[in-house]
Every structure is written in C-alpha cells, then in structure tokens.
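Work through the exercises below with the sequence and the model side by side. Try each task before reading its solution.

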Amino acid sequence: MAFGKGGARDETPVPAVEWAGVREFTIGTVERPVTKSRVRPVRGPRAIRVPKGAGNSRVFAPCAYTAPVAPPAPPSALEPCLFEDPEAQRLLCYLVAEEGEKGERHFWVHDDQGEKVGAIRRIPPSRKPFKHTWRIDQPGHPEVVGRNQWASGDAMRIAERGAGRVLSEMVSVAASMGYDGSEEPGKKSRRLEWRSGDELVMVSESIKQIGIKADWLDRRLAFAFAVLGDI
C-alpha cells in the first residue's frame with residue numbers, strides 16, 4: 001500500500017547475504033535508504049548490513065542479526081549476540097569480556113560451538129590527549145593494530161595526508177551506508193586504519209562504515225568490533 005507520491009510504501013524485506021565474504025558493511029536498521037522517490041527509509045531488524053546496488057535500487061542486505069543473549073551462548077556473553085537468522089535461532093558468534101593488564105579490555109569472540117575465533121583488545125592511551133587504540137588477534141595471523149588514520153602508515157603517507165593529496169579510504173557519507181545514528185548524539189566519529197605490519201587489513205569510520213581489505217580476516221572479528229563500537 002502506498003501513502004501518496006514519494007511516501008513510504010510496502011516493500012519486500014531485503015534477502016540476507018552470506019556473511020563470510022563480506023567486504024563492506026555497517027550496522028543498523030535501514031534496509032532501503034532515502035532516495036529521490038523514497039522520502040523515508042524502509043527499516044528492518046538491527047543487523048550487520050551490506051550495501052548493494054545504487055540509486056533507487058540501493059539496499060542494505062542483512063548478513064548477521066543482533067539479538068539478546070540466548071542459548072547456546074552462555075549467560076556471561078555480552079549483549080547483543082549475532083545470529084544468522086532474524087528469529088535468533090542460529091547463533092553466529094558472541095563476545096565475552098575480560099579485564100587485561102594495565103587497563104586493557106579483552107573481548108573474546110566465540111563461534112556457535114563455543115570455540116574462540118579470536119579477540120578484540122582495547123588498549124588505553126599512554127597519555128593525554130591521545131585516544132585508545134585497538135588490536136585484533138586471529139589465530140594463525142600476526143596481530144592487527146587499529147590506529148587513527150593520521151597516525152597510521154609511513155612518514156610519506158602521513159605527509160601526503162597533511163598536504164591533502166590522499167583521499168580518505170572511506171568516501172561514502174554515513175547516510176549512503178544506511179547508518180541509523182545509533183551512536184551517542186554529537187560524538188564525532190574517528191577513522192581507523194587496521195594494519196598487520198605493512199598490510200592494510202581493515203578501515204573503519206566508527207561503526208558507520210567498515211571495509212575489509214584482507215581476505216584472510218575472519219569477518220566475525222570485524223562484526224564484533226561493530227557490535228562493540230569505538231568505545
């Protein structure tokens with residue numbers, strides 16, 4: 001049923017996509033964003049969402065749904081867990097928090113069988129005015145370090161950024177990615193480059209837009225960062 005020219009209208013839910021090969025995603029409820037012929041977004045369940053199509057055909061397909069903790073996830077799991085279906089019957093992964101040394105926080109990511117996929121680590125700043133950094137530990141791979149993009153890379157890249165000759169890795173605005181404004185109002189997002197040595201593994205603009213650059217990165221670890229947010 002239509003609600004008038006350009007108004008909200010019934011549209012079928014966007015089909016889910018396979019999570020393992022995702023290259024770019026956001027987290028939110030927008031399935032079909034505002035366009036020239038759609039004045040209000042069409043929303044669905046909160047999920048990890050993958051941009052597909054363009055123009056009036058632009059959609060944000062779900063690949064993992066957020067939901068409260070439920071078995072087989074243990075009571076110690078953080079809210080929310082990620083599921084492969086909107087009914088929260090097929091658990092994808094869950095997080096368990098652990099305090100580390102020197103103020104570090106460790107978030108262990110477990111699969112549906114309870115096995116550890118890896119960990120997200122939040123590292124407090126060494127001094128003000130710096131902000132915390134992040135680490136991703138994935139078995140069989142070197143540590144991935146998430147830093148502010150202005151502090152990432154070699155001296156030449158930093159100089160180029162300062163001169164304005166390097167474009168951001170993240171060129172899409174939040175609205176085009178279906179971001180639903182679920183972060184703290186007024187809080188400025190920061191952009192991070194996630195590197196393993198010289199290899200660029202992932203780029204993120206808080207939870208608004210996350211891009212996977214390395215095929216070997218387990219997507220569940222990237223999803224876990226999105227669930228946590230850049231806290």
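**Exercise 1.** How many of the eight residues of strand 7 are buried?

*Solution.* First, the ground rules. This is a predicted model, in which local features need pLDDT of at least 70, side-chain atom pairs count only at pLDDT 80 or more, and totals for chains, interfaces and linings use all residues. Residues are numbered from 1 along each chain as its sequence is written, and side-chain values use heavy atoms, with hydrogens and water left out.

Next, the terms. Buried means under 20% relative accessible area, exposed means over 50%, and partly exposed lies in between (1.4 Å probe, protein chains only). Strands (E, at least two residues) and helices (H or I, at least four) are DSSP runs, numbered from the N terminus.

Now count. Six of the eight residues in strand 7 are buried, so the strand is mostly covered.

**Exercise 2.** Which strands pair with strand 7, and in what sense?

*Solution.* Two strands pair if DSSP finds at least two bridges between them. Take strand 6 to begin with. It pairs with strand 7 in the antiparallel sense, over six bridges. In this pairing Trp108 stands opposite Ala119 of strand 7. Four residues lie between the strands of this hairpin, and Gly114 takes a positive phi near 90 degrees there.

Then take strand 8, residues 133–137. Strand 7 and strand 8 are also antiparallel, with five bridges. Here Arg121 stands opposite Arg135 of strand 8.

**Exercise 3.** Where does Val117 lie, and which residues is Val117 in contact with, leaving aside its neighbours within four places in sequence?

*Solution.* Val117 lies in strand 7, which covers residues 116–123. Val117 is buried, with a relative accessible area of 9%. Contact means heavy atoms within 4.5 Å. With neighbours within four places set aside, the contacts of Val117 include Val109, His110 and Asp111. Gln138 and Pro139 are also among them. So are Asp218, Arg220 and Leu221. Check one distance as well: Val117 and Asp137 are 20 residues apart in sequence and 8.9 Å apart in space, C-alpha to C-alpha.

**Exercise 4.** Which residue lies over the face of Trp108?

*Solution.* A charge sits over a ring if NZ of Lys or CZ of Arg is within 6 Å of the ring centre and within 35 degrees of the ring normal. Lys116 lies over the face of Trp108, 3.9 Å from the ring centre.

**Exercise 5.** Which residues are linked with Arg121 in a network of salt bridges?

*Solution.* Side chains of opposite charge can pair when their charged atoms come close. A salt bridge needs a side-chain nitrogen of Lys or Arg within 4 Å of a carboxyl oxygen of Asp or Glu. The structure holds 11 salt bridges.

Start with Arg121 and Glu104. Their closest N and O atoms are 3.7 Å apart. Arg121 lies in strand 7 and Glu104 in the loop between strand 5 (91–99) and strand 6 (105–111), so the bridge ties together parts 17 residues apart in sequence. Arg121 is buried at 14%, and Glu104 counts as buried at 19%.

Move on to Glu143 and Arg135. This salt bridge has its closest N and O atoms 3.8 Å apart. Glu143 is partly exposed at 35%, whereas Arg135 is buried at 13%.

Put the network together: Glu104, Arg121, Arg135, Asp137 and Glu143 are linked by salt bridges.

**Exercise 6.** How many aromatic pairs are there, and what is the geometry of the pair formed by Phe25 and Phe223?

*Solution.* Rings of Phe, Tyr and Trp (its six-membered ring) pair if their centres lie within 6.5 Å; planes under 30 degrees apart count as stacked, over 60 as edge-to-face and the rest as tilted. The count comes to three aromatic pairs. Phe25 and Phe223 are edge-to-face, at 5.1 Å centre to centre and 90 degrees between the planes. Phe25 lies in strand 1 (residues 24–32) and Phe223 in helix 2 (residues 219–228), so the pair ties together parts 198 residues apart in sequence. Phe25 is buried, at 0%. Phe223 is buried, at 0%.
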